[in-house]
Amino acid sequence: MARSSSPLVNKASPTEASPTEQRRLLRARRSSKRVTALRPEAVLDATLPGTEQQDDPGVIAAATAPKRDATLSDETLAVHAGEKMGKNGAMDTDSIATPIVSGTTHWFKSSHDLIAFKEGRRHSFEYGRYGNPTVKVLEDKISALERAESTLVTSSGMNAIVATLLALVPPGAGHVVTTTECYSEARAFIGDKLSKMGIKVTFIELNDMETLKDVLDQGDVTLFYTDCPTNPHLKCIDIKLVAELCHRKGALVCIDSTLASPMNQKPLTIGADIVVHSATKYIAGHHDVIAGCISGSDALISRIRAWNHDLGGAISPDAAYMIIRGLKTMALRVETQNHTTLRMARLLENHPKIERVYYPRLISSPWHHIAKSQMTGCGGVISFEVASDLHGVMRFIDALEIPFIATSLGGCESLVLQPAVMSFWGKSDEEKAKNGIKDNLVRFSFGIEKFEDLRDDILQALEKI
Ligand SMILES: Cc1ncc(COP(=O)(O)O)c(C=O)c1O
């Protein structure tokens, strides 16, 4: 799991410090495997008490909150950020579970109070479409995990993507560069809808950095957009390199990091300007909420937030609560999914009935070196080609007893699908080939069931082909 780096790490050696301090230093060293926050102080401001205006009656400081501690791991942040270790919005409560504030509008004690709010001297909420205390807790929690200054939670992942593109790319003048392999609906929105708004659109191959450089040399690129890893082939792009190339030419970089989850990859810490998720997947984690989120700098997220107010893309407080609850176990879920999937990938790679396995953690993967440099785990999605045809693979899928035949990913329950049937049924061979979809391709999203049960199920189903 990625963890936050600590200013303590370079301050003193363990032998010079007090026993308590020593433990903290050693913890910090163990947890500083990866460079994290570009602006660590911003992360802390978003997650820990002590930075709010103490004389502001609208802000409740958590009296029992621990001291500022930059050694906090993702596991702890997933449980506490935004809540015990947060500004806690306008929540005057000692309830451990964040309350669902269902009110659609908020009242002011006086006109003076309202003016203080309008002038930013008093923190509160006005109207549910613009913000809500429960949703704010969720946004702060995601900001802590993504090491972001700010996060906007939206009604779906597609809402997050569309709001980002509409807010950041000017109609009639903008230029979006995206990749041929990225989430199909995002690709269709960029290719079909943005181009009708007078926005220039260029598609490149995911790892074709030479073409990216050439396109950037045109000098008019507003934003580069892609998924990392991609679905269903789990390809990875070098986010740091792409950010360097784009920033040199003044272009923004937006990464859809859904397939990684915030536990495994933090694009903002390696140069991306914006990270989006379908929070429907790992973040909510239970196949029971549709949501999206966008994280980045205050300045960029404010622009997107303003657009989303017009789009009306607010998430309900009930859904936000479900995600807060789901996030508490995200570290445990994703760790299990990482392990199960890697073990299964290695096993399948050596199975006589499997022709090819797509998983970037495998040394055989062409994206292994990129994944290793920017991910701490590769998540629960794997794709593989079975040594059979369309109907043989259907027999394999139908013989599986544990996973559901269903689209989506990242939840507690394992899901399986055959892209040629789920997404490409009735489509031409040419279209399938263009998208790299073979009839024998299977996509598996591992849940949190026991590895041995899943393994035995897959092995028995392979015998049914
Ligand atoms: C990578 C990726 N991004 C975005 C989305 C869209 O998210 P949502 O379904 O929450 O709108 C999906 C949905 O499957 C996805 O897989």
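Mentor: Before we begin, note that axes are lines fitted to C-alpha atoms, for helices over the stretch in contact, and that angles run from 0 to 180 degrees between N-to-C directions. The model we are reading is a predicted one.

Trainee: How are α8 and α9 oriented to each other, roughly parallel or roughly perpendicular?

Mentor: The axes of helix α8, residues 209-217, and helix α9, residues 239-248, come within 10 Å and cross at roughly 20°. Angles under 35 degrees count as roughly parallel. The two helices α8 and α9 are therefore roughly parallel.

Trainee: Which residues of α9 make the contact with α8?

Mentor: The crossing in which α8 passes α9 is right-handed. On the side of α8 the contact is made by M209, L212, K213 and L216, and on the side of α9 by L241, L245 and C246.

Trainee: How are α6 and α11 oriented, roughly parallel or roughly perpendicular?

Mentor: Helix α6, residues 157-168, and helix α11, residues 298-311, have axes that come within 8 Å and cross at roughly 110°. Angles from 65 to 115 degrees count as roughly perpendicular. That crossing angle therefore makes α6 and α11 roughly perpendicular.

Trainee: How many nonpolar residues does the contact of α6 with α11 have?

Mentor: Among the residues making this contact are A163 and L166 of α6, together with I304 and W307 of α11. Sorted by class, the contact of α6 with α11 has 1 charged, 3 polar and 8 nonpolar residues.

Trainee: Which residues come nearest to the ligand?

Mentor: The shell around the ligand divides into 4 nonpolar, 7 polar and 2 charged residues. Of the 13 residues around the ligand, those that come nearest are S156, G157, M158, S278 and T280.

Definitions and conventions:
Residues numbered from 1 in each chain as written. Predicted model: local features only at pLDDT ≥ 70, side-chain atom pairs only at ≥ 80, totals over all residues. Helix = DSSP H or I, 4+ residues; strand = E, 2+ residues; numbered from the N terminus. Parallel < 35°, antiparallel > 145°, perpendicular 65-115°, else oblique. Left-handed = near helix turned anticlockwise from the far one by under 90°. Contact = placed C-beta atoms within 7 Å. Near = placed C-beta within 6 Å. Nonpolar A, V, L, I, M, F, W, Y, C, P; charged D, E, K, R; others polar.
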